Amino acid sequence: MISDFVKGITSYFEAMSFVRSHGLVRYFFYSGLIGIVAMIFMAALIWASYDSVSHWMLSLVPWDIGTVTDVISIVFMSASFFVVFKYIVLILSAPLMSYLSEKVEKIISEDYHDRGMSLGVILGDFLRGTRIALRNILREMLLTILLLVASLFAPFAVVTTPAIYLIQAYFAGFGNFDFWAERHFTYKGTIDFMKDHRPMVTGNGVPYIFLLAIPVIGVFLAPPLATIAATLQGHDKKINLGDLH
């Protein structure tokens with residue numbers, strides 16, 4: 001379990017080496033352009049919804065103690081908006097990351113059968129990815145809000161912050177691995193695979209969350225590195241466990 005978690009993190013170094021060896025640097029530029037669009041969309045969303053979201057967040061706090069309450073509201077909103085931003089990046093970059101994942105698998109697998117890049121394939125992958133993203137964002141938001149509320153009580157505050165980070169990492173890794181899994185599993189099969197390999201999936205998400213939180217630079221680095229790392233690990237897991245279909 002721990003070894004899979006660690007491998008999920010260290011696979012990023014393998015991904016960086018893979019990028020240099022196979023000339024995949026241009027995908028970081030494409031990812032950055034998509035990420036900038038997501039940042040603009042997110043800024044507009046924050047501008048339009050700040051007051052209503054702030055009011056709702058404050059309603060979750062059963063007391064009003066001035067500045068502390070305001071700080072709590074800001075923390076709540078920051079965590080919530082970051083979750084939303086993460087999924088906006090995931091959804092917008094899905095066609096590119098699916099293509100990148102497939103390109104990586106072609107390189108490392110001699111018997112890989114090309115699906116082709118028809119409009120139907122791209123649309124199907126986009127709709128499937130969106131369905132999974134919507135499923136995950138509801139679960140992640142619910143768990144994050146519950147933990148944020150629990151953090152208001154001193155006995156839980158010590159563990160809630162790392163717990164929130166790991167939850168976000170798991171769902172981020174889920175999305176990254178899905179760019180590989182979509183070619184090997186059904187919708188339900190993908191969910192089962194992620195549940196069976198939580199440490200590995202979470203390990204992939206840990207560096208992703210850290211990188212994505214870096215202003216501007218993060219959207220260039222995080223999606224392609226995470227996708228390549230997940231594809232390499234998914235391929236290794238397929239070899240070790242046999243045919244996953």
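**Cavities and a helix crossing**

A search of the whole structure turns up 3 cavities of 30 Å³ or more. Keep in mind as you look at them that this is a predicted model. The largest cavity has a volume of about 100 Å³, and 13 residues line it. If you would like to find its centre on screen, look for Leu90, Gly129, Ala133, Asp178 and Phe179, which are the lining residues closest to that point.

Which helices build this wall? At least two lining residues come from each of α3, α4 (119-150) and α5 (154-181). Helix α4 gives the largest share of the lining, with 6 residues. As for chemistry, the lining of the largest cavity consists of 8 nonpolar, 4 polar and 1 charged residues.

Let us now move along the chain to another pair of helices. Helix α6 (residues 187-196) packs against α7 at an angle of about 90°, and the two axes lie 5 Å apart. Because of that angle, α6 counts as roughly perpendicular to α7. On the α6 side of the contact you will find Phe193, Met194, Lys195 and Asp196; their partners in α7 are Arg198, Met200 and Val201. Sorted by type, the residues of this contact are 4 nonpolar and 3 charged, with no polar ones.

How far does the predictor trust these regions? The mean pLDDT of the chain is 84, and 84% of the residues reach 70 or more. Confidence is highest in helix α7 (residues 198-212), at a mean of 96, so one partner of the perpendicular pair is also the element where the predictor's confidence peaks. At the other end, helix α3 (residues 67-108) has the lowest confidence, with a mean of 81, and α3 is one of the helices that supply the lining of the largest cavity. A general caution applies when reading any such model: where pLDDT is low, the predicted coordinates should not be read in detail.

How values were computed:
Residues numbered from 1 in each chain as written. Predicted model: local features only at pLDDT ≥ 70, side-chain atom pairs only at ≥ 80, totals over all residues. Heavy atoms only, no water. pLDDT = per-residue confidence, 0-100. Helix = DSSP H or I, 4+ residues; strand = E, 2+ residues; numbered from the N terminus. 1 Å grid on protein atoms, 1.4 Å probe; cavity = no way out; pocket = protein on both sides within 12 Å on 5 of 7 lines; lining within 4 Å. Points joined across faces, edges and corners; volume = space filled by probe spheres on them. Nonpolar A, V, L, I, M, F, W, Y, C, P; charged D, E, K, R; others polar. Axes fitted to C-alpha atoms, helices over the stretch in contact; angles between N-to-C directions. Parallel < 35°, antiparallel > 145°, perpendicular 65-115°, else oblique. Contact = heavy atoms within 4.5 Å.
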